[in-house]
Amino acid sequence: MTPAEMEPTPVDLAAIDAEWPLIAAELDVLDAEISLFYADDRGGPSPLDWRRLRRAESRVTRVAAELAGRPAAGQAAFRVA
């Protein structure tokens with residue numbers, strides 16, 4: 001395979017772009033979880049740390065539901081060949 005053939009196609013890029021809100025929300029969960037691990041250094045997680053995690057998890061659920069509710073034509077880019 002040549003390097004040009006390994007590049008993402010416009011369809012691949014559109015799929016990534018469409019899914020980016022979910023990716024960003026999942027990164028926020030990961031960031032909140034990492035903060036919880038480091039909270040042990042300051043005496044344990046604060047109520048704000050837990051709230052941040054709950055909000056991030058809620059955002060993932062909300063964004064995933066929005067993506068699942070899109071019309072089938074919009075989800076065609078997510079099919080694996």
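Author: pLDDT is the predictor's confidence in each residue, from 0 to 100. This is a predicted model, and helix α3 (residues 47-68) has the highest mean pLDDT among the elements of the chain, at 97. Helix α4 (residues 72-75) has the lowest, 49.

Reader: How confident is the predictor over the chain, then, and where does pLDDT stay under 50?

Author: The chain averages 87, with 88% of the residues scoring at least 70. The stretch under 50 is residues 73-77, and the model gives these residues 6 contacts beyond four places in sequence.

Reader: What makes the chain's pattern α-α-α-α?

Author: Count the elements: there are 4 helices and 0 strands, so with no strand to list, reading along the sequence gives just α four times.

Reader: Which residues make up the largest nonpolar core, and what makes it a core?

Author: It has 10 residues: L22, A25, V29, A32, L36, L53, A56, V60, V63 and L67. They are Ala, Val and Leu residues, and they count as a core because they are buried and joined through side-chain atoms within 4.5 Å. Helices α2 (10-39) and α3 each give two or more residues to this core. Take V29: leaving aside residues up to four places away in sequence, V29 touches L53, A56, E57 and V60.

Reader: How do you know whether the span of α3 fits what is expected of a helix?

Author: The expected span is 1.5 Å times one less than the number of residues. With 22 residues, α3 should come to 32 Å, and its first and last C-alpha are 32 Å apart, so the span is close to the expected one.

Reader: Why do you say that α3 has a buried side?

Author: The buried residues there are D49, L53, A56, V60, V63 and L67. They cover an arc of only 100° around the axis, so they sit on the same side of α3. In general, an α-helix has 3.6 residues a turn, so residues three or four places apart point the same way. As for the face of α3 turned away from that side, P47, L48, R54, R55 and T61 are its exposed residues.

Reader: And D31: why is it called neither buried nor exposed?

Author: Its relative accessible area is 37%. Buried needs under 20% and exposed needs over 50%, so D31, in between, is partly exposed. D31 belongs to helix α2, and its C-alpha lies 9.1 Å from that of A56, 25 residues apart in sequence.

Reader: How much of the chain is buried by that rule?

Author: Of the 81 residues, 21% come under the 20% cut-off and so count as buried.

How values were computed. Residues are numbered from 1 along each chain as its sequence is written. This is a predicted model: local features need pLDDT of at least 70, side-chain atom pairs count only at pLDDT 80 or more; totals for chains, interfaces and linings use all residues. Side-chain values use heavy atoms; hydrogens and water are left out. Contact means heavy atoms within 4.5 Å. Buried means under 20% relative accessible area, exposed over 50%, partly exposed in between (1.4 Å probe, protein chains only). The arc is that of the directions from the helix axis to the C-beta atoms.
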